[in-house]
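User: I want to go over the charged pairs and the cysteines in this one. Can you pull up the structure?

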Amino acid sequence: AFPGETAKEGLQECLKAAQEAETELKIAESEYSSAKEVYAILSAGYDGDPESVDFSFMTRPLRSRDDTVSALSRAEAQLSAAKAALYRSTGEISALGAPEVISGEIQRIDAEIAEAEEKYEAVELARSLLSEADEEMRTRFSPVISRRAGEILKSLTGGKYERLTFDSAFNAETRKFGDTVGHSSLYASSGTGDQIYLALRLSMCEMLLPGGDCPIILDDALASFDDARAGCALNTLREMARGRQVLLFSCHTREANMLAGAPDVNIVRL
């Protein structure tokens, strides 16, 4: 529900209940008045002797005396219930404020609902456009990322994997060297999964930031790699560093020790 819609419905229910109670009150008062008039006429012409009453001036009543008394009793009960409902609704309306105040509140809530509906439509339109743009981006760039990420994964694994592909939802599938079919990355080891993730990150960096002007910054990206995988990853990063600057931060000494003496690496210890 939109903001304020519940409050508006509550106000409208109170007004409706008050109108219904007022209608029932008018009906009950009318029936009570009619029954009272009939009773008064009958009482005025009755002096104790039924034969002395002249009924020529009036038509035969639709109800007997007992029926009239019962109808009067029912009318009084209905009148009492209608008055109680009216008083209750009147009290609820009084608690809410004057009619003009309630009307103004309903208009304010209607305006809020209209504004919320406009915002909702705008959000739905934006979401639809973003979904279309996302689908187009995935369709256009998935093959490009797959090709470059496959090349990087091959380097990261020392040639163990020769291909890495991503579908439009970026679900990864790998193929080892010599295999005829690929396998979902879900079945790969955690170490291979980390290599796939790094290959994807590096390929997207190259695609989104072409030209080599922007450096690649990695923070403990090899922390979960064993020594063999870390060695391959460092060689891959050194190859990439020929085209752009690569900054690798680590709180460990392993990477620095592996790269010690490399002429193309600048190690800074803090």
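Analyst: What follows covers salt bridges first and cysteines after that. This is a predicted model, in which local features need pLDDT of at least 70, side-chain atom pairs count only at pLDDT 80 or more, and totals for chains, interfaces and linings use all residues. Residues are numbered from 1 along each chain as its sequence is written, and side-chain values use heavy atoms, with hydrogens and water left out.

User: How many salt bridges are there in the whole structure?

Analyst: The search finds eleven. A salt bridge here is a side-chain nitrogen of Lys or Arg within 4 Å of a carboxyl oxygen of Asp or Glu.

User: OK, what does Arg108 pair with?

Analyst: Its partner is Glu112, with 2.3 Å between the closest N and O atoms. Both residues sit in helix α3 (residues 99–156), four residues apart, about one turn of the helix. Helices are DSSP runs of H or I, at least four residues long, numbered from the N terminus.

User: Is Arg108 buried, exposed or partly exposed?

Analyst: Arg108 is partly exposed, because its relative accessibility is 38%. Glu112 also counts as partly exposed, at 30%. The cut-offs are under 20% relative accessible area for buried, over 50% for exposed, and partly exposed in between (1.4 Å probe, protein chains only).

User: And Arg148, which residue does that one bridge to?

Analyst: Arg148 bridges to Glu151, the closest N and O atoms being 3.0 Å apart. These two are also in helix α3, three residues apart, about one turn of the helix. Arg148 has a relative accessible area of 23%, so it is partly exposed, and Glu151 is partly exposed at 38%.

User: Where do Asp227 and Arg254 lie?

Analyst: First, their side chains meet in a salt bridge, 3.2 Å from N to O. Asp227 lies in helix α5 (residues 227–240) and Arg254 in helix α6 (residues 254–259), so the pair ties together parts that are 27 residues apart in sequence. Asp227 is partly exposed, with a relative accessible area of 49%.

User: Which residues do salt bridges with shared partners join into one network?

Analyst: Arg147, Arg148, Glu151 and Glu206.

User: Switching to cysteines. How many disulfides?

Analyst: Zero in the whole structure. The criterion is a pair of cysteine sulfur atoms within 2.5 Å.

User: Why does Cys214 not bond to Cys205?

Analyst: The sulfur of Cys205 is the closest cysteine sulfur to that of Cys214, but at 8.1 Å it is too far for a bond. Cys214 is partly exposed, with a relative accessible area of 31%.

User: What about the accessibility of Cys232?

Analyst: Cys232 counts as partly exposed, at 23% relative accessibility.
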